[in-house]
Amino acid sequence: MADIKELLPAIRENVSLADYTSFKIGGWTKYFFEANTKNELIKALKAIEQTNLSFFILAGGSNVLFSDNGFDGLVIKIQFSDFECQDLDIYADAGAKLLDIVNLSVEKELTGLEWAAGIYGTIGGAVRGNAGAFNSSITNVLKQVKVLVLPDLKIKNFSRDECKFGYRESIFKKNNNLIILSAILELKKGNKKKIKEEIENNIAYRKDNHPLDKPSAGSIFKNPEFKMIDKGLFKDYPDLKKFSSSGTVPAGFLIDTAGLRGKRIGNAKISEKHCNFIVNLGKATAEDVLGLIDLAKETIRALFGIELEQEIIIVK
Ligand SMILES: Cc1cc2nc3c(=O)[nH]c(=O)nc-3n(C[C@H](O)[C@H](O)[C@H](O)COP(=O)(O)OP(=O)(O)OC[C@H]3O[C@@H](n4cnc5c(N)ncnc54)[C@H](O)[C@@H]3O)c2cc1C
């Protein structure tokens, strides 16, 4: 078997994953490699093929919970992050930060990305998870995605339709053999003052409603569909009815109604500010977070008969 250290001399050993996630949680990865270019990514994937190591693609780390036991393989961090604007289109490498792309859209007076202000992470992560907020998502502006297809390492362009987007879903989430290299976003000409105003409002909303002072990974669960709610529950929980027009019930509302606001296991806590966030109080472990996830799932299942589905990616 080939030696990964010979194939990838820039590889690092025993790297703390907590340092690379917004949760600040996770053990050590056996190997860690930063792909600063697409060619370096391809080189790393070829090395994987020759060594049979497991691998995980990491970008901004803002939607991931790594195990306390770390990762027994190679974590490849996507670092290539060039972006530019051509007329109404923004061409962005997978590792480009969503926040930088939002800033570029303001500078160029382009509208369509105001909802993304305040979301950490990269374009690649956002496309894979169909990131969204304020009733919008990356789907609404996505024109094309360039993808590296394993195991042949062929490059293929995916149109928006081919991405098979759903609520926090995409073809990429269902198939780990598809690695996003870059994306083209198509925006519209807008009014700079209005764009800035909407962004400021969205950021203010996040500051008021999200626990931004503590490490987290954003919303833990997807919001369940309203149609999954047993109408018999309206008698005991009349407030549920107010979500009938939105199509989904906020997971945070269910968790709060179940009495789990502020619930703590070890050093992880269900945020008092927003019950769909779990925050790291300082030295939380993945075990603490998983304990709260299980508790929320069991309680919501018992009370509302609903199966909560995780939005975050758990790497065990
Ligand atoms: C405070 C806070 C608020 C948040 N608010 C929101 C919000 O409003 N809406 C929302 O949707 N999300 C939100 N998030 C979650 C997160 O920021 C987004 O999901 C973001 O798009 C994840 O991108 P990332 O680069 O950090 O991905 P990572 O966390 O690094 O990775 C996420 C997943 O995508 C995969 N991946 C990453 N890059 C690629 C690639 N190039 N090709 C293939 N797979 C890839 C990884 O393997 C992993 O499975 C929030 C997070 C925080 C911490």
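**Charges and contacts in a predicted model**

In this predicted model, Lys 193 is exposed, with a relative accessible area of 62%.

User: Happy to start there! Which residue forms a salt bridge with Lys 193, and how far apart are the closest N and O atoms?

Analyst: Lys 193 sits four residues from its partner in helix H6 (residues 192–209), so about one helical turn separates the two. That partner is partly exposed at 40% relative accessible area. The salt bridge joins Lys 193 to Glu 197, and the closest N and O atoms are 3.7 Å apart.

User: Is Ser 62 buried or exposed?

Analyst: Let's place Ser 62 in the loop between strand S3 (55–58) and S4. Beyond its neighbours within four places in sequence, Ser 62 is in contact with Ser 22, Tyr 120, Gly 121 and Ala 217. Buried means under 20% relative accessible area. Since the value for Ser 62 is 19%, Ser 62 is buried.

User: What distance separates the C-alpha atoms of Ser 62 and Ser 22?

Analyst: Good one to check in the viewer! Ser 22 is among the contacts of Ser 62. Along the chain the two are 40 residues apart, yet their C-alpha atoms are separated by 4.9 Å.

User: What is the N to O distance in the salt bridge of Asp 256 and Arg 261?

Analyst: Asp 256 counts as partly exposed, at 30% relative accessibility. Arg 261 is also partly exposed, at 39%. Their side chains meet in a salt bridge with an N to O distance of 2.7 Å.

User: Which residues gather with Asp 68 in a patch of negative charge?

Analyst: Asp 68 lies in the loop between strand S4 (64–66) and strand S5 (71–78). Asp 68 is partly exposed, at 32% relative accessible area. On the surface, the patch joins Asp 68 with Glu 287, Asp 294 and Glu 298.

Key
Residues are numbered from 1 along each chain as its sequence is written. This is a predicted model: local features need pLDDT of at least 70, side-chain atom pairs count only at pLDDT 80 or more; totals for chains, interfaces and linings use all residues. Side-chain values use heavy atoms; hydrogens and water are left out. Patches are made of residues with over 30% relative accessible area and no salt bridge: like charges are joined within 9 Å, nonpolar side chains (Val, Leu, Ile, Met, Phe, Trp, Tyr) within 5 Å. Accessible areas come from the Shrake-Rupley method with a 1.4 Å probe; for residues, only the protein chains shown count as cover. A salt bridge is a side-chain nitrogen of Lys or Arg within 4 Å of a carboxyl oxygen of Asp or Glu. Lys and Arg count as positive and Asp and Glu as negative; His and the chain ends are not counted. The place of a charge is taken as NZ of Lys, CZ of Arg, CG of Asp or CD of Glu. Buried means under 20% relative accessible area, exposed over 50%, partly exposed in between (1.4 Å probe, protein chains only). Contact means heavy atoms within 4.5 Å.
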